[in-house]
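Visitor: Could you pick one part of this model and take me through it slowly? I'd like to see what surrounds it too.

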Amino acid sequence: MGEREPGGAPDPVPAAMSRAARERFLPRSARARADHDGPLRIGYGQTSSQPRTVAAMLRLLDVRPAHRVLDLGSGSGWTTAILGELVGPEGRVIGVERIPQLVERSRAALREHGGGPTEIRQARPGVLGAPESAPFDRILVSAEAGELPMPLVRQLADGGVMVIPVRERLLRVVRSGDEARITRHGAYVFVPLVE
């Protein structure tokens, strides 16, 4: 019997994570440890996040079919692939990564995975996210900010949700007009968010 969300609906996260196997998105040297429930180094000072942490973030994000999603700090492309599984063929996922070598590697891994409604973009210096493609229904940030970045909040659609670590606390941010409702969900450590 599969896991269920509150209210009895099946939890789509485990199946999406299963379809987007972590191993494919790791460097060859780390693939033997793909099942390890911990962060794994992917080079250039970056890691593939702990699967349990990724699952917790995705449940908070509450991605639905046909959503437009921004995956900021996409790293290996693994979370971008999982998000692509969650949004389905009618959705769209844009991963943004600042390290060129990881951009190329993650693009190749996504092609091997089957692509789907996903793409990886090279981050532009001084620009957070992908404002030219906003608004997004959901934004996942896999790097830790020192404070809530308002340029990202402004990229959310009205009613949109962002999950982001800020000062070692995982925040769920819901945009409501010009306001942002914030709830806090546990302590986590991530690599720093760089503009």
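Guide: Let's start with a bit of vocabulary: two strands count as paired if DSSP finds at least two bridges between them. The strands themselves (E, at least two residues) and the helices (H or I, at least four residues) are DSSP runs, numbered from the N terminus. Before we dive in, keep in mind that this is a predicted model, where local features need pLDDT of at least 70 and side-chain atom pairs count only at pLDDT 80 or more, while totals for chains, interfaces and linings use all residues. Residues are numbered from 1 along each chain as its sequence is written, and side-chain values use heavy atoms, with hydrogens and water left out.

Our part is strand 4, residues 92-97. On one side, strand 4 is joined by 5 bridges to strand 5 (residues 118-122), and the two run parallel. You can pick out one link there: Val93 has Thr118 in strand 5 as its bridge partner. Strand 4 also pairs with strand 3 (residues 68-72), again in the parallel sense and over 5 bridges. Here, Leu70 is matched with Ile94 of strand 4.

How does the chain travel between these strands? Strand 3, helix 3 (residues 78-87) and strand 4 make a right-handed β-α-β unit. Right-handed means that, with the strands pointing away from you, the path from the first strand over the helix to the second runs clockwise. Strand 4 then opens another right-handed β-α-β unit, with helix 4 (residues 100-113) and strand 5.

Is strand 4 tucked in or out in the open? Of its 6 residues, 5 are buried, so the rest of the structure largely encloses it. Buried means under 20% relative accessible area, exposed means over 50%, and partly exposed is in between, using a 1.4 Å probe and protein chains only.

Now for the surroundings, starting with the nonpolar cores. Such a core is a set of buried Ala, Val, Leu, Ile, Met, Phe, Trp, Tyr and Cys residues joined through side-chain atoms within 4.5 Å. The general background is that nonpolar side chains tend to be buried together in soluble globular proteins. The largest core here has 30 residues, and Leu58, Ile82 and Leu83 have the most contacts inside it. Helices 1 (13-19), 2, 3 and 4 each supply at least two of this core's residues, and so do strands 7 and 8. A separate core of 19 residues includes Leu70, which you met as the partner of Ile94. Ile139, Val153 and Val173 are also among its members.

Back in the largest core, take a look at Leu58. Contact means heavy atoms within 4.5 Å. Setting aside neighbours within four places in sequence, Leu58 is in contact with residues including Ile82, Leu83 and Leu86.

The stretch leading into strand 3 has a small oddity. Ala66 has a phi near 75°, a positive value in a residue other than glycine. You'll find Ala66 in the loop between helix 2 (51-61) and strand 3. Ala66 is partly exposed, at a relative accessible area of 42%. Beyond strand 5, in the loop that leads to strand 6 (136-141), sits Pro135. A cis peptide bond, with omega of about 10°, joins Ala134 to Pro135.

Try Trp78 next: the charged end of Arg22 sits over its ring, 5.4 Å from the centre. To count, NZ of Lys or CZ of Arg must be within 6 Å of the ring centre and within 35 degrees of the ring normal.

For contrast, head out to Val189, in the segment after strand 9 (179-187). Val189 counts as exposed, at 66% relative accessibility. Leaving aside neighbours within four places in sequence, Val189 is in contact with Glu144 and Glu168. Glu144 is 45 residues away from Val189 in sequence, yet their C-alpha atoms are 7.3 Å apart. As for Glu168, it lies in the loop between strand 7 (156-166) and strand 8 (169-176), and its phi is positive, about 65°, although it is not a glycine.

To wrap up, come back to our part: strand 4 has 5 bridges to strand 3 and 5 to strand 5, and 5 of its 6 residues are buried.
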